[in-house]
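Me: Got a model open with a ligand in it. Can you walk me through the binding site?

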Amino acid sequence: MRVAVVTLLPGMFSALTEHGVSGRGISAGLLELSFCNPRDFCRDKHRSVDDKPFGGGPGMLMKTEPLLAAISAARAKLGGQEIRKPRCIYLSPQGQRINQQKLTELATLEAITLVCGRYQGIDARVIEAEIDEELSLGDFVLSGGEIAAMALLDALIRIKPGALGDEGSAAQDSLTDGLLHAPEYTRPQLHEGKAVPPVLLSGDHAAIARWRKKQALGVTWLKRPDLLEQLELSREQKELLEEFKKEYWTDRV
Ligand code: 9WO
């Protein structure tokens with residue numbers, strides 16, 4: 001997958017490229033990153049990249065001309081004719097909320113352009129003309145799109161086959177099946193008087209798998225009932241959840 005990032009602050013992306021799973025994935029070529037900086041496309045003497053909003057008020061917008069030139073350069077970099085028009089994505093709080101399922105769809109694309117806003121963002125007509133999808137990671141505001149773009153890219157890389165190496169497969173990630181993950185435990189066996197659930201020490205792999213499925217359903221029911229409502233549970237899952245609820249209420253009285 002090839003990704004061109006339009007950003008005034010490409011240096012921020014070293015957090016992604018130089019560390020951990022994402023760093024290794026990029027080094028291994030699972031995702032090819034390039035940058036187009038509007039600053040490099042300025043034609044005025046002061047190389048300004050911001051501009052005043054019509055109507056006044058505090059803050060600035062990204063200056064349109066260098067931004068458009070950088071978006072064009074990103075498109076050209078991604079290969080022009082050979083590849084279908086790369087999807088151009090703008091990250092902002094005004095975008096559609098994305099989730100793990102949307103990420104798995106994005107992971108199948110061969111090329112995308114990510115536009116990172118700064119200041120108060122970009123001219124509405126530029127969004128209309130150039131942006132295919134405006135996406136949000138959640139209902140909060142950052143000081144620019146870069147950290148959101150890095151979060152998106154990190155999540156995309158870990159989906160790619162081979163990205164996780166010995167650490168396992170992204171198929172086991174929380175939310176891949178729409179559910180939260182069962183709780184996990186490591187040493188010591190006794191922590192502040194609390195023991196590890198005995199089934200995890202039993203060596204009975206079928207029993208452990210069943211317990212984890214039940215806990216995943218139960219944890220989702222307790223913490224994110226909204227996620228459960230979006231799912232069509234199988235008969236086995238319904239039974240496991242009923243069992244979890246029964247134990248939950250028994251333990252509370
Ligand atoms: C800045 C600003 C300054 C003064 C008055 C009002 C203001 N609004 C903004 C603003 O919303 N800036 C955004 C910063 C413009 C687009 C890029 N920025 C951004 C992206 N912040 N948060 C995101 C983001 C992206 C994806 N998911 C969650 C948040």
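Reply: Sure. A backbone N or O atom of Leu-142 sits 2.9 Å from a nitrogen atom of the ligand. Keep in mind that this is a predicted model.

Me: How far is a ligand nitrogen from the polar backbone atom of Leu-137?

Reply: The distance there is 2.8 Å, from a nitrogen atom of the ligand to a polar backbone atom of Leu-137. Tyr-119 also offers a polar backbone atom, 2.9 Å from a ligand nitrogen.

Me: And how much of the ligand's accessible area does the protein cover?

Reply: The cover is 78% of the 600 Å² that the ligand has on its own.

Me: Which pocket does the ligand sit in?

Reply: The second largest pocket.

Me: How many residues surround the ligand, and which are the closest?

Reply: There are 17 around the ligand. Tyr-90, Tyr-119, Gln-120, Leu-137 and Leu-142 are the closest.

Me: What's the split in that shell between nonpolar, polar and charged?

Reply: Nine are nonpolar and eight are polar. No charged residue is in the shell around the ligand.

Me: Which strand gives the most to the shell?

Reply: Strand β5, residues 87–97, with four residues.

Me: Back to Tyr-119. Where is its place in the fold?

Reply: Tyr-119 is in the loop between β6 (111–116) and α5 (124–130). Check its backbone too: phi is positive, about 55°, although Tyr-119 is not a glycine. Most residues other than glycine have a negative phi.

Me: New topic. Which residues does the cis peptide bond join?

Reply: Arg-187 and Pro-188, with omega about 0°. Pro-188 belongs to the loop between α6 (146–159) and β8 (190–191). Most peptide bonds are trans.

Me: Last one. What domains does the assignment give, and how far apart are their C-alpha centres?

Reply: The domain assignment gives domain 1 as 2–158 and domain 2 as 174–251. Their C-alpha centres lie 38 Å apart.

Technical notes:
Residues are numbered from 1 along each chain as its sequence is written. This is a predicted model: local features need pLDDT of at least 70, side-chain atom pairs count only at pLDDT 80 or more; totals for chains, interfaces and linings use all residues. Side-chain values use heavy atoms; hydrogens and water are left out. A residue is near a molecule or strand if one of its heavy atoms lies within 4 Å of it. A polar contact is a pair of N or O atoms within 3.5 Å; within protein, one must be able to donate a hydrogen and the other to accept it, and residues adjacent in sequence count only if both atoms are side-chain atoms. Accessible areas come from the Shrake-Rupley method with a 1.4 Å probe; for residues, only the protein chains shown count as cover. On a 1 Å grid over the protein atoms alone, a cavity is a set of points where a 1.4 Å probe fits but cannot get out, and a pocket is an open set with protein on both sides within 12 Å along at least five of seven lines; lining residues have an atom within 4 Å of a point. A molecule sits in a cavity or pocket if more than half of its atoms lie within 2 Å of its grid points. Helices (H or I, at least four residues) and strands (E, at least two) are DSSP runs, numbered from the N terminus. Ala, Val, Leu, Ile, Met, Phe, Trp, Tyr, Cys and Pro count as nonpolar, Asp, Glu, Lys and Arg as charged, and the others, Gly among them, as polar. Domain bounds come from an automatic or database domain assignment.
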